[in-house]
Structures are given as C-alpha cells and as structure tokens.
Amino acid sequence: MIDWIAFVIVLVAALVGASVVVSLYSFGLRLLTLSGRTPVVAPAEFTDAITVITPEEAAKAARRAEKAARKSPLTDGQKRAAHLGAWVCFVLGGFAVLYGIFLIVPALHSLVA
C-alpha cells in the first residue's frame with residue numbers, strides 16, 4: 001500500500017528544494033553580472049556538438065561583457081557588494097545541495113541494512 005501523504009511530502013520538498021537551488025544560482029549569476037564580472041566561457045570542441053562557438057564569437061562576447069561592465073551605473077562599493085552577494089548566493093546554493101545529500105544518504109543506508 002502506498003503512503004500518499006509521505007509521497008506528497010517528498011514531492012513538495014523536492015520542488016521547494018529545486019526551486020531554492022535554481023533561484024539562488026540565478027540570483028547569484030545576476031548579481032555577478034551587475035558587479036561587472038560577466039562570466040564568459042571559452043569555446044570548447046565536442047565531437048558530437050551540434051553547434052560550436054568559434055574563437056571569434058567568444059572574443060566578441062568577451063568584448064560585449066567588458067563594454068557592459070564599463071557602462072555599469074553602480075559605484076565601486078555597490079559593485080563589491082553585488083560581487084559579495086553573488087558569492088553568498090552560490091555558497092548558500094551549495095549548502096542546500098549538500099544538505100539534500102545529507103538527508104538522502106542516511107535514508108539509503110537504512111534501505112541497504
């Protein structure tokens with residue numbers, strides 16, 4: 001017999017946990033961009049990739065990021081605060097993931113034993 005109340009509790013916990021992690025990451029990324037440190041990923045060559053970014057496209061994206069950082073209306077103190085806030089969001093998101101793993105591992109151990 002299925003314990004539907006427990007099923008709903010796990011479903012809600014999973015949805016809330018996923019929402020918290022995604023929200024913290026996206027807010028951290030937004031703050032990182034506001035601080036003038038737009039993350040630019042170098043192009044990578046994959047054998048099965050559908051599209052590959054050329055080095056010229058990567059350089060163009062880096063130039064756009066630098067231009068956006070120069071146009072920022074924030075003061076240096078605000079940029080530092082946004083950068084710190086971004087890392088706080090990333091750390092909190094990492095702790096949320098680790099806490100989820102902490103909750104799952106003892107449950108798996110009891111299933112095996």
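This is a short dialogue about reading helices, burial, a pocket and a surface patch in a predicted model.

Visitor: What should I know before I start?

Guide: This is a predicted model, in which local features need pLDDT of at least 70 and side-chain atom pairs count only at pLDDT 80 or more, while totals for chains, interfaces and linings use all residues. Residues are numbered from 1 along each chain as its sequence is written, and side-chain values use heavy atoms, with hydrogens and water left out.

Visitor: How many helices and strands does the chain have?

Guide: Helices (H or I, at least four residues) and strands (E, at least two) are DSSP runs, numbered from the N terminus. Here there are 3 helices and 0 strands, and the order from the N terminus is α-α-α.

Visitor: Is Leu-32 buried or exposed?

Guide: Buried means under 20% relative accessible area, exposed over 50%, and partly exposed in between (1.4 Å probe, protein chains only). Leu-32, found in helix H1, counts as buried because its relative accessibility is 11%. Its C-alpha is 8.8 Å from that of Lys-79, 47 residues away in sequence. Across the chain of 113 residues, 13% are buried.

Visitor: Which residues line the largest pocket?

Guide: On a 1 Å grid over the protein atoms alone, a pocket is an open set of points where a 1.4 Å probe fits, with protein on both sides within 12 Å along at least five of seven lines; lining residues have an atom within 4 Å of a point. Here the lining consists of Val-10, Ala-13, Ala-14, Gly-17, Val-20, Val-21, Ala-96, Tyr-99, Gly-100, Leu-103 and Ile-104. The volume, meaning the space filled by probe spheres set on points joined across faces, edges and corners, is about 240 Å³.

Visitor: Which helix gives the most to that lining?

Guide: H1 does, with 6 residues. Both H1 (4–34) and H3 (76–112) supply at least two. Gly-100, in H3, is partly exposed at 25% relative accessible area, and its C-alpha is separated by 9.9 Å from that of Ala-18, 82 residues apart along the chain.

Visitor: What classes of residue are in the lining?

Guide: Ala, Val, Leu, Ile, Met, Phe, Trp, Tyr, Cys and Pro count as nonpolar, Asp, Glu, Lys and Arg as charged, and the others, Gly among them, as polar. The lining has 9 nonpolar, 2 polar and no charged residues.

Visitor: Which residues form the nonpolar patch on the surface?

Guide: Patch residues have over 30% relative accessible area and no salt bridge (a side-chain nitrogen of Lys or Arg within 4 Å of a carboxyl oxygen of Asp or Glu); nonpolar side chains are joined within 5 Å. This patch is formed by Ile-2, Trp-4, Phe-7, Val-8, Leu-11, Val-12, Leu-15, Val-16 and Val-20, with about 860 Å² of accessible area together (Shrake-Rupley method, 1.4 Å probe). Val-16, in helix H1, is partly exposed at 48%. Val-20, also listed in the pocket lining, is partly exposed at 38%.

Methods:
Patches are made of residues with over 30% relative accessible area and no salt bridge: like charges are joined within 9 Å, nonpolar side chains (Val, Leu, Ile, Met, Phe, Trp, Tyr) within 5 Å.
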